[in-house]
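I opened this notebook to follow the aromatic rings, and I wanted to keep a careful record of each thing I looked up.

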Amino acid sequence: MRASLKGRYENDKSTGAATVAFNTGDVRLRASVTDATFVNGPSLNGLSLAVEKPGFFIVDYNVPKKDFRFQFMNAVKVGDKPLNLTYIHSRGDKRTILDGTLVIDSANKISANYMVGTENCKLKYTYAHRGLMTFEPCYDLAKNSWDFAVSQKVYGDDVLKATYQTSSKNLGLEWSTNSKLNGNFKFSASVNLAEESKMPKLSAESMWNFEM
């Protein structure tokens, strides 16, 4: 059985979540709670249950909203290139998302994300340079704008990432570190260059995983 604890801290608030998962054969069962489950005494708020077969499907059930979310994954070959496909449907908001990623080689891949029945579609190209630096330009068809992301591995598995959204003029910087002993941490700062004040928004996330 596996358990994880996650906390998020922002300028004016903090949140927390916990997850417990265990395997039964090739199927994984998972239960998650958030701080909303306990903030005013034990309740069903923030409670979700899931059944997952890794690489094939995930069924999530939001207990307080009585809402299901279905996700199905598959992989096919286009020529000799793998194409990873994902279908996501949320019953409550009647939203369906199609996602596909074509892996050209170990350094290059192209992905598309489309929300059925809307103009929301994003096309992204990913290039990994020697496994250390990654470039990710992304075109948003609905907004007719580009987003850019550049990430660099530093100090082993630590990653420094910079992002820029041209539509909102939002500039972000993120540092993430992964450690089996000390947990995973992510520190983020973002600033909207279109605002006069240009006050940065700061946040920090921490996660600890346990084998039980």
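Entry one. I looked up the aromatic pairs in this predicted model, and I found that the count comes to 8. I began with tyrosine 127 and phenylalanine 135, whose rings form a stacked pair, with 6.2 Å from centre to centre and 15° between the planes. I noted the pair as stacked because planes under 30 degrees apart count as such.

Entry two. Are these two rings buried or exposed? I found tyrosine 127 partly exposed, at a relative accessible area of 28%, and phenylalanine 135 partly exposed as well, at 33%.

Entry three. I turned to tyrosine 155 and tryptophan 175, where the ring centres are 6.2 Å apart and the planes stand at 40°, so I wrote this pair down as tilted. I then checked where the partners sit in the chain, and the pair links distant parts of it: tyrosine 155 belongs to the loop between β12 (145-154) and β13 (158-165), while tryptophan 175 lies in strand β14 (residues 170-179), 20 residues apart. For tyrosine 155 I read a relative accessible area of 69%, so I entered this residue as exposed, because the cut-off for exposed is over 50%. Tryptophan 175, at 29%, counts as partly exposed.

Entry four. I asked which residues ring pairs link into a cluster, and I noted Tyr61, Phe68 and Phe70.

Entry five. Last, I looked at a charge and a ring, and found that the charged end of lysine 53 sits over the ring of phenylalanine 56, 4.8 Å from the centre of that ring.

Technical notes: Residues are numbered from 1 along each chain as its sequence is written. This is a predicted model: local features need pLDDT of at least 70, side-chain atom pairs count only at pLDDT 80 or more; totals for chains, interfaces and linings use all residues. Side-chain values use heavy atoms; hydrogens and water are left out. Rings of Phe, Tyr and Trp (its six-membered ring) pair if their centres lie within 6.5 Å; planes under 30 degrees apart count as stacked, over 60 as edge-to-face and the rest as tilted. Buried means under 20% relative accessible area, exposed over 50%, partly exposed in between (1.4 Å probe, protein chains only). Helices (H or I, at least four residues) and strands (E, at least two) are DSSP runs, numbered from the N terminus. A charge sits over a ring if NZ of Lys or CZ of Arg is within 6 Å of the ring centre and within 35 degrees of the ring normal.
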